[in-house]
Amino acid sequence: MFSPSGYFQRLRQSTSLWTNLARSRSIKHHGLTFARRQSSSVPFKSSRPWSPIIIGSIASGLIGYSLSAFVKPSLTSEALEIEPKYGTPKDFEQAIKELRTLFDSDDVVSTHLEDLRIHGYSENDHHPNVPHTVIVYPKSTEDVVKIVKTAVKYRMPLIPFSGGTCLEGGYRGSPVGGICVDMSGMNKIIEIHEADSDLVCQPGVGWMEINETLQQKGIPLFFPLDPGPGATIGGMMSTGCSGTNAVRYGTAKGEWFLNATVVLPSGQVIKTRQRARKSAAGFDTTKLFIGAEGTLGIITEVTIRLAPVLPTTVAIVHFPDVKRATEAVIDVINRGVGIQCVELCDSEFMRSINLYGASQRKYPEEDSLFFKFQGPTSASIAETSKIVKEIVQKHGGTGYQLARTEKEALDLWADRKNALYSGLALLEGSRGWSTDVCVPISKLPQLVYETKQDLQRLGLVSIVLGHVGDGNFHTQLLFRNDKELEIVREAVHRMVERALKLEGTCTGEHGVGIGKREYLYEELGEGTVELMRSVKKTMDPLGLFNPGKVSQIDRILRSLVLMPNE
């Protein structure tokens, strides 16, 4: 008897060479990796033009035939490795009618064109815009359960939406349509446990709102993860975020998220653990959802850990080049002094601050470091400042300035935080592509220096800045037209490849989404990515939760038709 699983096994074996080659990013053609060709606006031309067409057609034809002839619909079918089966447009229409019946309010279920556009589009990135079919605004965990069960019934993709600040397309719609679950209405702080230094909240509340609330209540605690200003707790957990404070407090993948209430693709509601500060009870299922970007479940409640508010101040120092600046940071970190943040801002960024005009001062247009010192007393901060000043001067640092007042410290730090808008001042009429990578801190000087040299050779106007205390840095690459955008796209790719060769990661804190998913095989290895996909298929066998993000369900089909041309 013909076995579908046996057939797929033989099909994989017969195409394994091409699959492995397509996954490898070391195949070169005219100095560029082959796999990047698929995203280029220039049509791919092979020296043997028949090979990708004929072999691709044969491979896809065999897969299509086997699916239609031998594979019956099943939640455990290997067909899910190729392509999930979604509902028809009529199914989706029926799903929307059912959602309207369940919620009976235009405020909860929306198909307004502007709503669809806003939720499938972002000013923050340059990935393809894909609108959703309907937007639903739940108010409770029970509402989310209703939405999930409706999506399962009609085989309709589900895409969670939180603060809308993601830089890698994590909340883009599915090409077939789907339900966007906007969590902004679930924005309550439920409980504050000051004695335990933790807080229970819904996923739609922002980290800035949490810290403002704690300050207004006179509670000397704060949540230290600090990504973009509009970021919310659900999105922060889902992308594995961090921010400027990471050098002192770490990232989302530390113990800042103690537990989460999650609605699974089955409609079941789970709570990942209790509220105790630590637990050795079984798998750490909380971390399963950190960085999963809504592909495994929808987060509806979170317990976050808080830290004590300590006195801080800010200092700035300038360097001959970014290499010496980053080398100085390594020495500072290894001294163990009280550093809360250390930010690299290159000479172009310093020039942009002067051009933007929001600052009260004019800065030397040199590669610079902004330090935020932290300590329980003014004496401890003064001692940290003295040690840091001695170290940076040994690395060629000049013009060291320590803020004399709290207002001066706030103004200095505000200049650093204005990076996005200041950077755009460098090129009139431009837009910016922001991206990040991260490497072991000892490799950072090489990475930053080589990236700066590469950007100069490409003739791109850009700024380099980063949370260099933990090996993470960002670039904002400016462009005005599609031609320049393609150069920027290639520059981002080269920066990622450079980081991976230095044992780094394609994303330190922005997440994977659709923008960085192509690098996962190279960074993590096939076995690790396949393990992630196995978890995904087990928890979401219908492939409905945020499809196409992080690891691609349709990876095998896509790789079969990507053939080397030499």
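**Note on the predicted model**

1. The chain exposes about 25,200 Å², of which carbon and sulfur atoms supply 54%; accessible areas come from the Shrake-Rupley method with a 1.4 Å probe, and for residues only the protein chains shown count as cover. This is a predicted model, in which local features need pLDDT of at least 70 and side-chain atom pairs count only at pLDDT 80 or more, while totals for chains, interfaces and linings use all residues. Residues are numbered from 1 along each chain as its sequence is written, and side-chain values use heavy atoms, with hydrogens and water left out.

2. Of the 566 residues, 54% count as buried (under 20% relative accessible area; exposed means over 50%, and partly exposed lies in between, with a 1.4 Å probe and protein chains only). The secondary structure comprises 19 helices and 20 strands; these are DSSP runs numbered from the N terminus, helices being H or I of at least four residues and strands E of at least two. Among contacts (heavy atoms within 4.5 Å) between residues at least 6 apart in sequence, 74% join residues at least 24 apart.

3. One open sheet has 5 strands in the order β7-β8-β12-β10-β11, with antiparallel pairing; two strands pair if DSSP finds at least two bridges between them. Its edge strands, β7 (189-193) and β11 (269-271), each pair on one side only. From one strand to the next the twist averages 15°. Within this sheet, 6 bridges join β10 (residues 257-263) to β12 (residues 298-305), and Asn 259 stands opposite Thr 303 in β12.

4. Helix α5 (residues 141-153) packs on that sheet and touches β10, β11 and β12. The direction of α5 makes about 45° with that of β10, where axes are lines fitted to C-alpha atoms, for helices over the stretch in contact, and angles run from 0 to 180 degrees between N-to-C directions.

5. Strand β6 (residues 179-182) points Ile 179 and Val 181 one way and Cys 180 and Asp 182 the other, and all are buried. Strand β4 (residues 134-136) pairs with β6 in the parallel sense over 3 bridges, with Ile 179 as the bridge partner of Val 134. Strand β5 (residues 158-161) also runs parallel to β6, joined by 4 bridges, and Pro 160 stands opposite Val 181.

6. At the surface, Tyr 356, Leu 420 and Tyr 421 make a nonpolar patch of about 310 Å². Tyr 356 lies in helix α11 (residues 347-356) and is partly exposed, with a relative accessible area of 38%. Patches consist of residues with over 30% relative accessible area and no salt bridge, like charges being joined within 9 Å and nonpolar side chains (Val, Leu, Ile, Met, Phe, Trp, Tyr) within 5 Å; a salt bridge is a side-chain nitrogen of Lys or Arg within 4 Å of a carboxyl oxygen of Asp or Glu.
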